[in-house]
Amino acid sequence: MSTTPAAKRFRRGTHRIVPPEATLARVQGLLPIMGITRIADVTGLDTIGIPVAMAIRPNARSLSVSQGKGADRASARASALMESVEQYHAEHIDRPLRLATRNELRFSHRVADLSGLPRLAGSVFHDNLRTLWIEGQEMLHGGSMWVPYEMVHMDYTLPLPSGSGSFLMSSNGLASGNHPLEALGHALAELIERDATALFQLAGEAQKEARVDLSTVPDPLCRSLLDKYEEAGVEVAVWEVTSDIGVPVFSCVIVDREPNPQRPIGPMGGMGCHPSRAVALSRALTEAAQSRLTLITGSRDDVHCHERPEGGDLDAARRALRMLAASPPARSFEAAPDHEDETLDDDVAWLLERLAAAGLSQVITIDLTKAAFGIPVVRVIVPGLEANHDVPGYVPGLRARRRMEGRTR
């Protein structure tokens with residue numbers, strides 16, 4: 001990694017070192033090698049107009065369709081493309097692995113705090129289970145640290161590698177970028193976002209006080225996104241769900257104000273996290289539009305696998321509207337924390353500082369970058385953070401259990 005600070009040169013809805021057009025031009029020639037056959041602009045399939053794109057990779061070993069969103073079409077295309085790129089890297093890991101039990105490994109190698117990793121319901125893990133491990137770098141204190149390979153790869157073809165079935169597999173903490181710090185910052189923000197969202201689900205009555213009064217949002221880009229929803233007749237509700245870590249996180253729900261029985265679309269959501277509260281909100285707003293188009297395009301068969309009780313999308317939309325009407329916004333957008341810096345270096349340093357201050361003592365980065373491609377890709381693991389709470393098999397971790405017991409850190 002270069003010692004020259006990574007200055008932010010693009011700040012429209014996200015912070016990057018180059019505009020999205022440069023990202024697209026850089027990666028375009030590698031698409032056939034990674035099996036990406038096309039990037040589809042699906043914005044026009046919905047009425048909202050917030051740009052959404054999809055990258056298609058038919059022979060993927062996990063998801064064959066990757067979604068992307070942004071403030072403009074180039075940003076949406078770059079977002080979809082880079083998500084597909086990072087998944088390809090996680091499906092084709094070429095780094096050395098170790099097959100060992102924890103008891104065999106821990107006397108000669110530093111091993112991550114396994115008690116803080118998201119377990120799978122019915123986990124088969126024990127200290128004498130032979131499983132695969134991969135080496136990463138611990139960022140708060142330095143040095144190498146070994147983690148279960150199951151937490152890193154995304155090759156979901158069967159049979160799964162030896163020792164699988166212990167920890168929750170997902171794309172959480174996997175990220176790519178134009179620069180290693182771009183990838184690292186995005187991965188850290190995603191981990192913090194998923195943790196905050198999981199904890200917020202347990203907030204009870206406090207959820208009502210967290211709904212944001214959208215008239216208090218001054219950011220021009222966020223206002224333009226809200227205007228698109230208004231023009232499309234879509235109700236928008238936003239909650240600030242920032243956790244004790246102190247990095248701004250927003251959760252958004254959108255639903256048609258007048259649900260159409262001939263085209264019923266239930267409430268859809270989006271989340272966003274970033275040191276800048278305006279960027280965090282814009283991510284939540286654009287992700288909600290992306291979620292709707294994921295449903296409309298039918299690119300994910302699992303969208304309703306554990307949602308939508310009897311009555312379907314139409315009844316779900318009407319229930320959501322009643323719930324929103326009964327819970328008016330009470331929180332100012334500007335009450336959320338906000339951190340603005342000129343370089344990605346400063347952003348990453350601040351994120352690491354916030355994690356450490358919250359008592360998270362390990363931040364482990366596994367570099368998945370392939371020398372032949374030169375696209376920075378990382379997987380980051382932070383023992384102690386909650387995982388995606390809505391993933392089948394999720395088991396509440398220590399932070400969630402403390403919240404359920406009414407305790408705080």
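**Note on the predicted model: surface patch, helix α3, charged pairs**

1. At 72% relative accessibility, L158 is above the 50% cut-off and therefore counts as exposed. L158 sits in the loop that runs between β6 (144–148) and β7 (174–176). Together with Y156 and L160, L158 makes up a nonpolar surface patch, and the accessible area of the three residues together is about 290 Å². The model is a predicted one, and the points below should be read with that in mind.

2. Helix α3 covers residues 73–91, 19 residues in all, and its length is consistent with regular geometry: at 1.5 Å a residue the expected span is 27 Å, and the C-alpha atoms at its two ends are 27 Å apart, so expectation and model agree. At the N-terminal end, D72 acts as the cap, with a side-chain oxygen 3.3 Å from the backbone nitrogen of A74. The helix is mostly covered, since 15 of its 19 residues are buried.

3. E86 is a residue of α3. Its relative accessible area is 9%, so E86 counts as buried. Beyond the neighbours within four places in sequence, E86 is in contact with L174, A175, S176 and V377. As for T197, the separation from E86 is 111 residues in sequence and 23 Å in space, C-alpha to C-alpha.

4. R57 belongs to the loop connecting β2 (52–56) and β3 (65–69). A loop position might be expected to raise the question: is R57 buried or exposed? With a relative accessible area of 2%, R57 is buried. Setting aside neighbours within four places in sequence, the contacts of R57 include M34, G35 and I36, then S62, L63 and S64, and also S84, Q87, Y88 and E91.

5. R194 is part of helix α5 (residues 180–200). Its relative accessibility is 15%, under the 20% cut-off, so R194 counts as buried. Its side chain makes a polar contact with the side chain of E193 at 3.4 Å. Apart from residues up to four places away in sequence, R194 touches N172, M271, E386, A387 and N388.

6. Charged pairs come next. Side chains of opposite charge can pair when their charged atoms come close. Over the whole structure, a search returns 22 salt bridges. One of them joins the side chains of R11 and E340, at 3.7 Å from N to O. The two residues come from distant parts of the chain, 329 residues apart: R11 is in the segment before α1 (20–27), and E340 is in the loop between β12 (331–332) and α10 (344–357). R11 is partly exposed at 35% relative accessibility, and E340 is partly exposed at 43%.

7. R102 and D127 form another salt bridge, with their closest N and O atoms 3.4 Å apart. Because R102 is in helix α4 (residues 102–105) and D127 is in the loop between α4 and β5 (131–138), the pair ties together parts 25 residues apart in sequence. Here too the partners have intermediate accessibility: R102 is partly exposed at 24%, and D127 is partly exposed at 31%.

8. Which residues belong to the salt-bridge network that includes D256 and R292? The side chains of D256 and R292 meet at 3.1 Å, N to O. D256 is in strand β10 (residues 249–256) and R292 in helix α8 (residues 277–297), so that distant parts of the chain, 36 residues apart, are linked. Both D256 and R292 are buried. Through salt bridges with shared partners, D46, D256, R263 and R292 are joined into one network.

9. R257 is in the loop between β10 and β11 (268–273). Its relative accessible area of 33% falls between the 20% and 50% cut-offs, so R257 counts as partly exposed. Leaving out neighbours within four places in sequence, R257 is in contact with E230, G233, V234, E235 and L321. I39 is 218 residues from R257 along the chain, and their C-alpha atoms are separated by 31 Å.

Terms used
Residues numbered from 1 in each chain as written. Predicted model: local features only at pLDDT ≥ 70, side-chain atom pairs only at ≥ 80, totals over all residues. Heavy atoms only, no water. Helix = DSSP H or I, 4+ residues; strand = E, 2+ residues; numbered from the N terminus. Buried < 20%, exposed > 50% of the residue type's maximum accessible area, 1.4 Å probe, protein only. Contact = heavy atoms within 4.5 Å. Expected span 1.5 Å × (residues − 1). Polar contact = N/O pair within 3.5 Å; in protein donor to acceptor, adjacent residues only side chain to side chain. Patch = residues over 30% accessible without salt bridge, like charges linked within 9 Å, V, L, I, M, F, W, Y side chains within 5 Å. Areas by Shrake-Rupley, 256 points an atom, 1.4 Å probe, with all protein chains shown as cover. Salt bridge = Lys/Arg side-chain N within 4 Å of Asp/Glu carboxyl O.
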